[in-house]
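Work through the exercises below with the sequence and the model in view. Try each task before you read its solution.

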Amino acid sequence: MFKSFVIKKRMLQVFIAALALIIAAGVYIKWNGARTVSSQPSETRIFELVTGEFKSKTEDGKEIESYVWSPGTIIVNKGERTELRISGVNGISHPFVIEELGIEGEVHKGKTTKVTFTPDKEGIFPILCLTHKDMHSGGPMVGYIVVED
Ligand SMILES: [Cu+2]
């Protein structure tokens, strides 16, 4: 009877020790998880753009046009992970570069092109379509990424 009680008491001690360990592990995992999340950089900021087109006629009846990025200016924060989602509406294809950010890509009609970057310097960086660079080629198709501190 006495022996049986000792075993039960010992089992109870083991049970309490195991329970304490499980709770401690749970608290640690939760704390560690929270710490991991808070040490992550802030979420990615997403900007939606489309390719558009301006059309007009000169006084002598000549048709002129220019493709555009819309919106034409995007203001982003230095050090913030940024994603541009550019959907092709007007124009078959727009291969582009954002030279200062080391980005290049191409937007196709009916599709969305995504580019991601984290700017590490302030400035105004053009996003330039290589097909429609100037007025003679259906441009100038240029937008501006403004990086603020
Ligand atoms: Cu273009």
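## Exercise 1: A residue in the core

Leu84 is buried, with a relative accessible area of 0%; buried means under 20%, exposed over 50%, and partly exposed in between, with a 1.4 Å probe and protein chains only. The model is predicted, so local features need pLDDT of at least 70 and side-chain atom pairs count only at pLDDT 80 or more, while totals for chains, interfaces and linings use all residues. Residues are numbered from 1 along each chain as its sequence is written, and side-chain values use heavy atoms, with hydrogens and water left out.

Task: Find the strand in which Leu84 lies, then state how far its C-alpha atom is from that of Val115.

Solution.
- Step 1. Leu84 lies in strand S4. Helices (H or I, at least four residues) and strands (E, at least two) are DSSP runs, numbered from the N terminus.
- Step 2. Take the C-alpha atoms of Leu84 and Val115: they are separated by 5.3 Å. Along the chain, these two residues are 31 residues apart.
- Step 3. Widen the view to the chain. Of its 149 residues, 28% count as buried.

## Exercise 2: The elements and the four-stranded sheet

Task: List the elements of the chain in order, and give the strand order of the sheet of four strands.

Solution.
- Step 1. Count the elements: one helix and nine strands.
- Step 2. From the N terminus on, they run α-β-β-β-β-β-β-β-β-β.
- Step 3. The open sheet of four strands has the order S2-S1-S4-S7, and its pairing is mixed. Two strands pair if DSSP finds at least two bridges between them.
- Step 4. Look at the edges. S2 and strand S7 (112–117) each pair on one side only. From one strand to the next, the twist averages 20°. Axes here are lines fitted to C-alpha atoms, for helices over the stretch in contact, and angles run from 0 to 180 degrees between N-to-C directions.
- Step 5. Check one pairing. S1 and strand S4 (residues 82–87) run parallel and are joined by six bridges. Val50 has Ser87 in S4 as its bridge partner.

## Exercise 3: The five-stranded sheet

Task: Give the strand order of the sheet of five strands, and explain why S3 and S6 each have one side without a neighbour.

Solution.
- Step 1. Strands of a sheet pair through backbone hydrogen bonds, either parallel or antiparallel.
- Step 2. This open sheet has the order S3-S9-S8-S5-S6, with mixed pairing.
- Step 3. Strand S3 (73–77) and strand S6 (103–108) stand at the edges with a single partner strand each, so one side of each is left without a neighbour in the sheet. The twist averages 20° from one strand to the next.
- Step 4. S3 and strand S9 (residues 142–148) run parallel, joined by five bridges. Ile74 stands opposite Ile145 in S9.
- Step 5. S8 and S9 pair in the antiparallel sense over six bridges. Leu128 has Val142 in S9 as its bridge partner.
- Step 6. Strand S5 (residues 93–98) and strand S8 (residues 123–129) run antiparallel, joined by two bridges. Phe96 stands opposite Cys129 in S8.

## Exercise 4: Two rings

Task: Find how many aromatic pairs the whole structure has, and describe the geometry.

Solution.
- Step 1. The search finds one aromatic pair. Rings of Phe, Tyr and Trp (its six-membered ring) pair if their centres lie within 6.5 Å; planes under 30 degrees apart count as stacked, over 60 as edge-to-face and the rest as tilted.
- Step 2. Trp69 and Phe96 are edge-to-face, at 5.6 Å centre to centre with 80° between the planes.
- Step 3. Trp69 lies in strand S2 and Phe96 in strand S5, so the pair ties together parts that are 27 residues apart in sequence.
- Step 4. Trp69 and Phe96 are both buried.

## Exercise 5: Cis peptide bonds

Task: Place Pro71 and Pro140 in the chain, and describe the peptide bond before each.

Solution.
- Step 1. Pro71 lies in the loop between S2 and S3. The bond from Ser70 to Pro71 is cis, with omega near -5°.
- Step 2. Pro140 is in the loop between S8 and S9. Gly139 and Pro140 are joined by a cis peptide bond, with omega about 0°.
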